[in-house]
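Biologist: I have a new model on screen and some questions about it. Shall we go through them one by one?

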Amino acid sequence: MNINLQEVLMDSLEILARVTGGYATLTDKDGVRLKTVDSYGNEIESLKGIVFGLARKAAKTGKAIGGTSQLEEGAESWCLPIGEFVLACSNVERVKRNNDLRLSLIESLPFIAKVAGGEAVIFDSQGKRIATVDSQGNIDHQNLGLVSKGARESMIKQKPVIGESSSVKGAMAVRIPITQEFGFGFNNVEMIRRNSKLVDEVRKHQTAKYNFSDIIGESSLMKRVKETAILAAKSDSNVLIYGETGTGKELFAHSIHNASKRYSKPFIAINCAALPPTLIESELFGYEGGAFTGAKKDGHPGVFEQANGGTLFLDEISEMDIGLQAKLLRVLQEREVTRLGGRKTISLDVRIISSTNKQLDKLVKDGKFRQDLFFRLNVFDIKLLPLRHIREDIPLIANKIVKEMNMVFGKRVEKIDDEAMMLLVQYNWPGNVRELVNCIEKAFNILGNDTCITKEHLGFKFNMNNIENTSQRLADMLANYEKKLIEKALQETNGVKAHAAKILGISTTTLWRKIKELDIQD
């Protein structure tokens with residue numbers, strides 16, 4: 001009976017191997033291989049007599065079991081005890097083909113990367129990089145293990161995905177699933193990096209030097225303003241920025257340009273309050289040679305021409321002469337400009353950002369500003385907040401100013417003490433951030449060798465004889481600010497107290513005490 005059973009089982013091996021796409025094996029109860037065939041029905045003589053541990057285990061337990069194959073990394077096997085024998089199958093051939101294909105792709109990555117002008121990568125079923133090289137064949141050890149959202153999506157859908165690279169902003173990447181277990185992709189990051197270098201060279205001659213990262217503030221109000229400005233940057237519509245003197249209108253204008261699709265193009269600024277109407281007209285529109293007395297022989301391009309393709313920032317637009325406003329409106333409507341004394345029209349592609357510290361709608365009612373120009377400029381309006389409305393941001397802003405002043409003065413001021421900081425927080429700052437900068441700069445001039453700014457260094461700003469105990473509201477405000485800093489540090493370090501304390505510049509013991517005092521959830 002066993003001989004007949006053995007023959008029947010051996011005859012079934014070829015069919016089983018072909019169906020499973022691997023090897024089919026028959027062993028005795030000790031796991032010794034009696035016969036092994038591949039998916040083509042060929043017997044593999046080299047495996048005859050070799051003990052198959054998983055089969056022996058199945059014979060002992062009398063139950064069907066599965067596990068890893070001994071013959072190929074990543075392959076799986078199953079074993080089924082039948083009488084005195086064990087029938088086993090594995091997917092070694094399919095896995096071996098996948099492994100060989102993966103190795104071939106890895107060997108070809110440098111060539112793919114060179115043609116694509118970037119990186120070429122192999123990723124697993126979860127979208128995690130298991131191999132990555134650049135066009136020079138260098139292995140990128142730093143990004144091994146990086147999980148790409150696009151690669152993961154590709155593996156889940158088993159379809160190619162084209163999208164942004166996870167390595168370099170602005171680069172594009174293609175992810176293609178090869179099997180259920182792995183896929184490959186490539187991007188153009190090196191080409192983008194080269195282009196960025198060229199852009200940086202061009203932008204050395206432009207004036208947009210600030211970014212949103214330079215705008216300090218974590219209060220809910222400030223976050224809302226920044227979110228609005230970021231939306232404006234994504235749009236190509238004209239922007240009007242309102243704000244008191246010293247609130248950072250120019251800073252926001254620069255940041256909007258640098259975050260827009262025009263970031264690599266010119267950013268030209270002109271202060272409408274700094275020039276008389278006759279000069280500002282020639283600066284705006286340019287002039288041909290001999291257009292007026294004193295004109296340059298070869299003429300001069302106006303700021304519209306200089307900003308063509310990019311952004312023109314009209315600072316203090318409310319101060320522009322009413323007659324000049326009509327000419328500006330015509331340029332904005334026609335999207336072309338003609339130099340003074342010239343006939344040739346120049347097509348324009350310019351995004352206008354304007355700023356004012358006055359209410360333009362009130363000026364419109366008073367007949368001092370054209371309503372049609374107001375509508376043209378006020379497509380996207382951003383209202384900046386005075387410092388007195390975002391008092392909780394004052395410590396952040398003040399500490400940043402201290403760092404900048406250290407570089408200017410060559411000093412090592414470590415902080416502003418709590419009492420002095422409370423004075424800064426409670427003051428109304430009619431001159432806003434600009435006045436705060438001036439205040440701290442004056443303190444630096446009288447610091448001497450001190451490494452901490454105290455209330456004595458602010459005597460010029462505040463009458464120390466009239467200072468009363470700081471209100472509980474201010475104490476709560478500072479405590480709330482301190483709590484936010486600690487929570488952010490803990491979040492960045494995944495709750496590791498020693499690392500968080502190092503970031504905050506305090507001891508671990510102090511950090512534990514603060515966590516308890518401020519009721520921070522651990």
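Modeller: Start with a term: two strands pair if DSSP finds at least two bridges between them. Keep in mind that this is a predicted model.

Biologist: What is the order of the strands in the open sheet of five strands?

Modeller: The pairing in this open sheet is parallel. Its twist averages 15 degrees from one strand to the next. The five strands follow the order β12-β15-β18-β11-β19.

Biologist: Which are the edge strands of that sheet?

Modeller: Look for strands that pair on one side only. Two strands do so: β12 (267–271) and β19 (380–383).

Biologist: Which residue stands opposite F313?

Modeller: Strand β15 covers residues 311–315. It runs parallel to β18, and four bridges join the two. The partner of F313 lies in β18: it is I353.

Biologist: Which helix packs on the sheet?

Modeller: The helix touches β11 (239–242), β18 and β19. Its direction makes about 155 degrees with that of β19. It spans residues 220–234 and is α6.

Biologist: Is S354 buried or exposed?

Modeller: S354 lies in strand β18, residues 351–356. Among its contacts beyond four places in sequence are V239, F313 and L377. Its relative accessible area is 0%, and buried means under 20%. So S354 is buried.

Biologist: And S135, buried or exposed?

Modeller: S135 lies in the loop between β7 (129–133) and α4 (149–157). It touches P110, A113, K114, G118 and E190, leaving aside residues up to four places away in sequence. Its relative accessibility is 12%, so S135 counts as buried.

Biologist: Which residue takes a positive phi in the hairpin of β4 and β5?

Modeller: Strands β4 (residues 76–82) and β5 (residues 85–90) pair in the antiparallel sense over six bridges. S77 stands opposite S90 in β5. The hairpin has two residues between the strands. The phi is near 60 degrees, and the residue is G83.

Biologist: Which residue in β4 does T68 stand opposite?

Modeller: Strand β3 (residues 65–68) also pairs with β4, in the antiparallel sense over four bridges. Opposite T68 stands E76.

Biologist: How do α17 and α18 lie to each other, roughly parallel or roughly perpendicular?

Modeller: Helix α17 (residues 497–504) and helix α18 (residues 508–517) have axes 9 Å apart. Residues including A501 and L504 in α17 meet residues including L511 and W512 in α18. By class, the contact has seven nonpolar, one polar and one charged residues. The angle is about 95 degrees, so the two helices are roughly perpendicular.

Definitions and conventions: Residues numbered from 1 in each chain as written. Predicted model: local features only at pLDDT ≥ 70, side-chain atom pairs only at ≥ 80, totals over all residues. Heavy atoms only, no water. Axes fitted to C-alpha atoms, helices over the stretch in contact; angles between N-to-C directions. Parallel < 35°, antiparallel > 145°, perpendicular 65-115°, else oblique. Contact = heavy atoms within 4.5 Å. Nonpolar A, V, L, I, M, F, W, Y, C, P; charged D, E, K, R; others polar. Buried < 20%, exposed > 50% of the residue type's maximum accessible area, 1.4 Å probe, protein only.
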